Amino acid sequence: MSGNIQLLSDTLAAAKADDRAALIAYLPAGFPTVDGGIAAIKAVFDGGADIVEVGLPHSDPVLDGPVIQTADDIALRGGVKIADVMRTVKEAHEATGKPVLVMTYWNPIDRYGVERFTEELAAAGGAGCILPDLPVQESALWRTHADKRGLATVFVVAPSSKDERLGTITAAGSGFVYAASLMGVTGTRESVGEQAADLVRRTRAAGDLPVCVGLGVSNAAQAAEVARFADGVIVGSAFVKRMLDADGDEAAALGAVKELAAELAAGVRRPS
């Protein structure tokens, strides 16, 4: 069974051909329940997302903010397991025909077994994995199995990444590069935007992969800003917050994330 890295690449290429950035949404598996999480992903796709990242909830999500930590805690208290993550990927992909990745820390994969994880993700129709804490120099085992199974390996870069490291990451990675920054936290919005744009420019110069940016984007105006220089706009906390704000009302939560996806999808369509 082969995964869907080609579908991921084709989706990003199609967005580029439309002269726009792709909209990539993030939602954790098992939040608020496994079934509820699957329904939310379908709603986000219905609203206009091109790609979805399914988070594998972790007990110590050191790179995630408080909103996603809250959702992860709800999922873990609900007993979510890796099998539920795979089911989420499978049902979301089968229902929509669109690319679905898993975003996870390395430790759960290491414990589960790399070969087993990649086999099951490919069988579920997954497009690949985003691995924010896996050093590229320690990734050979993962990449061997991911390549064998037709799965993308997406590494994360930051404004602090040196050009030499960007070259190493773009050479080792596949699918796209996840460029992380901190809009609205470090410096002014203008300076952070410039920092992110510079990171995209340097990453593109280092290799041929599309560069997608996660910047804490929460509305159409911010999505449009990032879409001017990135191949994809990644939105996570804003979707999770909409679901948390629904306070257990599933219909309201699904309506809220679909509405937000539609607003962001309009934002990533670059003006001519």
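**Salt bridges in a predicted model**

Trainee: Which residue does R204 meet in a salt bridge?

Mentor: In this predicted model, the side chain of R204 meets that of D231 in a salt bridge, with 3.1 Å from N to O. The pair links distant parts of the chain, since R204 lies in helix α9 while D231 sits in the loop between α10 (220–227) and β9 (232–235), 27 residues apart.

Trainee: And is D231 buried or exposed?

Mentor: D231 counts as buried, at 16% relative accessibility, because the cut-off for buried is under 20%; R204, with a relative accessible area of 35%, is partly exposed.

Trainee: Which residues are joined into one network by salt bridges that share partners?

Mentor: That network joins D163, D198, R201 and R202. Within it, D198 forms a salt bridge with R202, their closest N and O atoms being 3.3 Å apart, and both residues lie in helix α9 (residues 189–206), four residues apart, which is about one turn of the helix. R202 is buried at 14% relative accessible area, whereas D198 is partly exposed at 31%.

Trainee: Changing topic, how many salt bridges are there in the whole structure?

Mentor: A search of the whole structure finds 15, including one in which the side chains of R149 and E119 meet at 2.9 Å, N to O. This pair also links distant parts of the chain, with R149 in the loop between α7 (140–148) and β5 (152–154) and E119 in helix α6 (residues 114–123), 30 residues apart.

Trainee: What is the relative accessibility of E119?

Mentor: E119 has 32% and counts as partly exposed, while R149 is buried, with a relative accessible area of 16%.

Technical notes. Residues numbered from 1 in each chain as written. Predicted model: local features only at pLDDT ≥ 70, side-chain atom pairs only at ≥ 80, totals over all residues. Heavy atoms only, no water. Salt bridge = Lys/Arg side-chain N within 4 Å of Asp/Glu carboxyl O. Helix = DSSP H or I, 4+ residues; strand = E, 2+ residues; numbered from the N terminus. Buried < 20%, exposed > 50% of the residue type's maximum accessible area, 1.4 Å probe, protein only.
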